[in-house]
Amino acid sequence: MQSPNRSFDLKNRSGSAKEKTHVSTVFALLIILTFTVYILKLFSMQIIEGKQYRKQSHTISQRIRIIPAQRGEIFDRNATLPMVINNDSFAVDLTLGEIPPGMQDGVCARLAAYLGIKKSEIDAKTAGHKKNSYTAIEIKSNVPFSVISNIAENSFDLPGVSWRSKPIRNYVETGSISHIVGYVGDITKEELKELYNKGYTNTSIIGKTGIEKQYDDLLQGKSGIESHTVDVKGRLVSEKPVITAPISGRDLILTVDTNIQTLAEKALGERVGAVVVLKPANGEILAMVSYPYFDPNIFNTNNAAAYTKLANDAYKPLINRAVNAEYPPASTFKTIMTAALLAEGTVPPEKKIECRGLMDYGDRSFRCHIGVPGHGHMDLKNALAQSCNIYFWTAGRDYLGVERISAYAKEFGLGKSLQIDLPAAKTGFIPNAQWKERRYHEKWLGGDTMSMSIGQGFTVATPLHIANVMAMFVNEGVIYKPHLLKEVRDPVSSEIIKTVRPEILHKSTINTAVWTTMKEYLRYMVTNGSAQGVLMKNKAVDIAGKTGTAEVSGFDKSWHSWFVGYGPYGAPPEDAVVVCVLVEAINPWEWWAPYASTIIFQGIFANQTYDEALDTLRFRYLVKPSGRQE
């Protein structure tokens, strides 16, 4: 028989189980209900209301306008007045999507009339763009305010036309500085593909040559953004734009001294050639002249005809001859030959070699520049001073050889990049026997060595290379990287952000005694050599250096005229200045390089202008020499 208590306990347990089952059922129903509501909401948003959301996302978007940053200004080493500034100007854009259907031709025709251009030019710029595109197309830059005023007054007839501020470059200093500074222009499609990830746009202005190109990333700054919310038809949804202000580009301080630049420019005159003035102790370029030059301001007008004229000019004014043209170094190369002979010791410097003015070798006759009867018996010191070809032909062929000559030339930096901060600088070229066999399938001959020994034949160098050779003598075996950038400054506070430090490009292992002897020889060349009548007229500073006269194919009575030297002789390298002048054979022959160099040294060390130096040296009424001289 079952106990009553036992019966009550079973009933109690049964009731408790039912309650738990009920609670679980309610909780499960709540979870199912919640998930059902969530799924229905998702379905509603994605399927039922999705079309509306997608439509809204398409009909409301952002229209972004680029606010160009002010490009950094460029100063000379004194940082007083800028050589390159920005002038306020405007650009006119056309947005095809804002032009009502059927009105594009009329709008373009009216706009062309206001801008003073042909309608076909606008058609060419809009070709390839969709008529419903809201991307602004730049039609013309450098538009004056008066034209903008006319467009604004007639804006009702010019739907889709807008304008914006677009400063243009104003090259205050023109003339020979143009090859250093360079110029800017509109970015091309090819350039944009390369630079797009760096923040450039299809309306960017970028450096094309010179410092403008080399340091474009510093000068460029960072563009700002003006963002408007618009609907699908381009109508403003919100009147208040979101603006991110532009950041101006950095100001650049160059190593160039505009006074010395002007002095060198005038000393060269209207002669095709180049001048380099540098500080050997740190590689700073004080002046760099190339003639002919050009006015970079012509590129502000997008004047294709002007550019074509420059590009097709037979004298190639767009080429910076100081770094982008290569010439036979001629007798300036004899300085390297002399150093090599002293370093190698293969021929005693006091040993005399006879010059009779003519030397037969193989089936050729080699003539010294002085002609018969020649210089007579010459030792190394006097051979360099008188630039005796027969001495160096003999020494190069019999005592050095092509491989050692080539090695010493490279020791002085010839045939190598000087890493100057200008785009596309040439390296020059130093040949050897293996090169000739590969290039021409011919053996290197003794005659090739003789030509190389006097800086002719296959050997070529830029004026900057020859200036650096002289710098190596001044520094007794050290060459610094030549450079044009001195400082980078903040455009607002003028705070110096970066200072360029001297950087050793090469350090020679040639014995110290060689450098001491070479400097004595270079001074002797000025006091007792072939150019003493010109160079010794300078009383402001003691000069040491070497002349050169390069034979050029196609010119029988004209030659490339060289002079490279430094001053003051005997002063520490920190106080010295190197001057290198090259005057091309295409000019009427007048042996001008020594004269120009003397004027430049006089102007620098006597603190004189070109005209003052000319009068001091009594060169104003100079009767220029005729006929070849070494």
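Which side chain does a polar contact of 2.8 Å join to that of Glu212? The partner is Tyr171, and the contact runs between the two side chains. The structure is a predicted model, and the paragraphs below go from the whole chain to one sheet and then back to Glu212.

The chain has 630 residues, of which 49% are buried. Its secondary structure consists of 23 helices and 25 strands. Counting contacts between residues at least 6 apart in sequence, 71% are between residues at least 24 apart. The exposed area of the chain is about 31400 Å², and 53% of that area is supplied by carbon and sulfur atoms.

One open sheet contains 6 strands in the order 7-3-2-12-20-21, and the pairing in it is mixed. Strand 7 (168-171) and strand 21 (496-499) are at the edges; each has a single partner strand, so one side of each has no neighbour in the sheet. Within this order, strand 12 (residues 251-254) and strand 20 (residues 485-489) run antiparallel and are joined by 4 bridges. Ile253 has Glu487 in strand 20 as its bridge partner.

Glu212 lies in helix 8, which spans residues 210-214. Is this residue buried or exposed? Glu212 is buried, because its relative accessible area is 0%, and the cut-off for buried is under 20%. Apart from neighbours within four places in sequence, Glu212 contacts Arg71, Ile74, Val84, Arg169, Tyr171, Val181, Gly182, Tyr183, Val184, Gly207 and Leu219. Among them is Tyr171, the partner in the 2.8 Å polar contact. The range given for edge strand 7 is 168-171.

Notes: Residues are numbered from 1 along each chain as its sequence is written. This is a predicted model: local features need pLDDT of at least 70, side-chain atom pairs count only at pLDDT 80 or more; totals for chains, interfaces and linings use all residues. Side-chain values use heavy atoms; hydrogens and water are left out. Two strands pair if DSSP finds at least two bridges between them. Helices (H or I, at least four residues) and strands (E, at least two) are DSSP runs, numbered from the N terminus. Buried means under 20% relative accessible area, exposed over 50%, partly exposed in between (1.4 Å probe, protein chains only). A polar contact is a pair of N or O atoms within 3.5 Å; within protein, one must be able to donate a hydrogen and the other to accept it, and residues adjacent in sequence count only if both atoms are side-chain atoms. Contact means heavy atoms within 4.5 Å. Accessible areas come from the Shrake-Rupley method with a 1.4 Å probe; for residues, only the protein chains shown count as cover.
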